[in-house]
Amino acid sequence: KTAYEIVDCDWIQTCALPISEVELDRVEALASFADAHGHTLLELAFAWLLSSSAVASVIAGARTVGQVMANAGAATWRLSPAQVAEVNRIAAPREA
């Protein structure tokens, strides 16, 4: 999938968020990382947040039953320290 397929473009346009090609490339790289480990980008986001000792819980919104189910299932992946380091490397801000 491309970043435009991964990210809800209608939502981006509605909110007028300036998203650069560099940022979209980062989303694609994170999605590829998640896929390579048998997970979704949502599961990666939860796992990364929960890997921080500063985060007690993840509060995620949902509009559908499917989203509630996906959110509930997303908290099952525990990243290894090496995986956290790789995600941090991929997500680190870069110059455009």
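Contact here means heavy atoms within 4.5 Å. With that in hand: among contacts in the protein between residues at least 6 apart in sequence, 64% join residues at least 24 apart. Keep in mind that this is a predicted model, with a mean pLDDT of 83 for the protein. It's a helical affair, with six helices and zero strands, and two of the helix pairs are described below.

**Overall make-up**
- Going along the sequence, you read the pattern α-α-α-α-α-α.
- The protein has 96 residues, and buried ones make up 22% of them.

**How far to trust the model**
- A pLDDT of 70 or more is reached by 79% of the residues.
- Helix α6 (residues 81-91) has the highest mean pLDDT among the elements, at 96.
- At the other end sits helix α2 (residues 9-15), which has the lowest mean, 52.
- Where pLDDT is low, the predicted coordinates shouldn't be read in detail.

**Helix α3 against helix α6**
- Helix α3 (residues 21-36) and α6 have axes that come within 9 Å and cross at roughly 160°.
- Since angles over 145 degrees count as roughly antiparallel, that makes α3 roughly antiparallel to α6.
- The crossing of α3 past α6 is right-handed.
- On the α3 side, the residues involved are Arg 26, Ala 29, Leu 30 and Phe 33.
- They meet Gln 83, Glu 86, Val 87, Ile 90 and Ala 91 of α6.
- Sorted by class, this α3 and α6 contact has six nonpolar residues, one polar and two charged.

**Helix α4 against helix α5**
- Helix α4 (residues 41-50) packs on helix α5 (residues 65-74) at an angle of about 45°, and their axes lie 9 Å apart.
- That angle makes α4 oblique to α5.
- Here, too, you'll find a crossing that is right-handed.
- From α4, the contact draws on Leu 42, Glu 43 and Phe 46.
- From α5, Ala 70, Asn 71, Gly 73 and Ala 74 take part.
- The class split for α4 with α5 is four nonpolar, two polar and one charged.
- Gly counts as polar in this split, so Gly 73 of α5 goes in with the polar residues.

Conventions: Residues are numbered from 1 along each chain as its sequence is written. This is a predicted model: local features need pLDDT of at least 70, side-chain atom pairs count only at pLDDT 80 or more; totals for chains, interfaces and linings use all residues. Side-chain values use heavy atoms; hydrogens and water are left out. Axes are lines fitted to C-alpha atoms, for helices over the stretch in contact, and angles run from 0 to 180 degrees between N-to-C directions. Helices (H or I, at least four residues) and strands (E, at least two) are DSSP runs, numbered from the N terminus. Angles under 35 degrees count as roughly parallel, over 145 as roughly antiparallel, 65 to 115 as roughly perpendicular and the rest as oblique. A crossing is left-handed if the near helix is turned anticlockwise from the far one by less than a right angle, and right-handed if clockwise. pLDDT is the predictor's confidence in each residue, from 0 to 100. Buried means under 20% relative accessible area, exposed over 50%, partly exposed in between (1.4 Å probe, protein chains only).
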